[in-house]
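Please look over the following structure with its core, its ligand site and a few individual residues in mind. The briefing below is arranged by those topics.

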Amino acid sequence: MRMTADREVCVGAGLCALTAPEVFDQDDDGLVTVLDPEPGAGQRAAAREAAMLCPSGAVRVVE
Ligand code: SF4
């Protein structure tokens, strides 16, 4: 499982970083950064939830 985040479509809502703070962060402009693109077992549920919650569809799960 791999996480991707498209900074071109991110609107800086921050839900990803709130939901999976070990996987996603936001830069100084509020845009998503991926801290851990291949989350371990303990982070996968949160990472999937972040992808579901992202309002812009920027966060994606690649199986
Ligand atoms: S939840 Fe989506 S739109 Fe919001 S900061 Fe994260 S990637 Fe960007």
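What follows is a short account of the nonpolar core, the ligand surroundings and three single residues.

The model is predicted. Its largest nonpolar core has 14 residues, and the ligand sits in the largest cavity. Val-32, Met-1 and Glu-38 are then taken in turn, as a buried, a partly exposed and an exposed residue.

**Nonpolar core**

- Within the largest nonpolar core, which has 14 residues, those with the most contacts inside it are Met-3, Cys-16, Ala-20, Val-23, Phe-24 and Val-59.
- Helix 2, covering residues 41-53, gives the most to this core, contributing 4 residues.
- Once neighbours within four places in sequence are left aside, Val-59 is in contact with Met-3, Thr-4, Ala-5, Cys-16, Phe-24, Ala-50, Ala-51 and Cys-54.
- In soluble globular proteins, nonpolar side chains tend to be buried together.

**Ligand surroundings**

- There are 13 residues around the ligand, and of these Cys-10, Ala-13, Gly-14, Cys-16 and Cys-54 come nearest.
- The shell around the ligand is made up of 10 nonpolar and 3 polar residues, with no charged residue among them.

**Val-32, a buried strand residue**

- Val-32 lies in strand 3, which spans residues 32-34, and this valine counts as buried because its relative accessibility is 2%, which is under the 20% cut-off.
- Apart from neighbours within four places in sequence, Val-32 is in contact with Ala-5, Arg-7, Cys-10, Cys-16, Phe-24, Asp-25 and Gln-26.
- Although Val-32 and Gly-14 are 18 residues apart in sequence, their C-alpha atoms are 7.5 Å apart in space.

**Met-1, a partly exposed residue**

- Met-1 is found in the segment before strand 1 (2-5), and with 25% relative accessibility Met-1 counts as partly exposed, since that value falls between the 20% and 50% cut-offs.
- Not counting residues up to four places away in sequence, Met-1 touches Pro-37, Glu-38, Pro-39, Arg-44, Ala-47, Arg-48, Val-61, Val-62 and Glu-63.
- Met-1 and Arg-48 are 47 residues apart along the chain, and their C-alpha atoms are separated by 9.8 Å.

**Glu-38, an exposed loop residue**

- Glu-38 is found in the loop between strand 3 and helix 2, and this glutamate counts as exposed because its relative accessibility of 56% is over the 50% cut-off.
- When residues up to four places away in sequence are not counted, Glu-38 touches Met-1 and Arg-2.
- The C-alpha atoms of Glu-38 and Pro-21 are separated by 14 Å, the two residues being 17 residues apart along the chain.

Technical notes: Residues are numbered from 1 along each chain as its sequence is written. This is a predicted model: local features need pLDDT of at least 70, side-chain atom pairs count only at pLDDT 80 or more; totals for chains, interfaces and linings use all residues. Side-chain values use heavy atoms; hydrogens and water are left out. A nonpolar core is a set of buried Ala, Val, Leu, Ile, Met, Phe, Trp, Tyr and Cys residues joined through side-chain atoms within 4.5 Å. Buried means under 20% relative accessible area, exposed over 50%, partly exposed in between (1.4 Å probe, protein chains only). Helices (H or I, at least four residues) and strands (E, at least two) are DSSP runs, numbered from the N terminus. Contact means heavy atoms within 4.5 Å. A residue is near a molecule or strand if one of its heavy atoms lies within 4 Å of it. On a 1 Å grid over the protein atoms alone, a cavity is a set of points where a 1.4 Å probe fits but cannot get out, and a pocket is an open set with protein on both sides within 12 Å along at least five of seven lines; lining residues have an atom within 4 Å of a point. A molecule sits in a cavity or pocket if more than half of its atoms lie within 2 Å of its grid points. Ala, Val, Leu, Ile, Met, Phe, Trp, Tyr, Cys and Pro count as nonpolar, Asp, Glu, Lys and Arg as charged, and the others, Gly among them, as polar.
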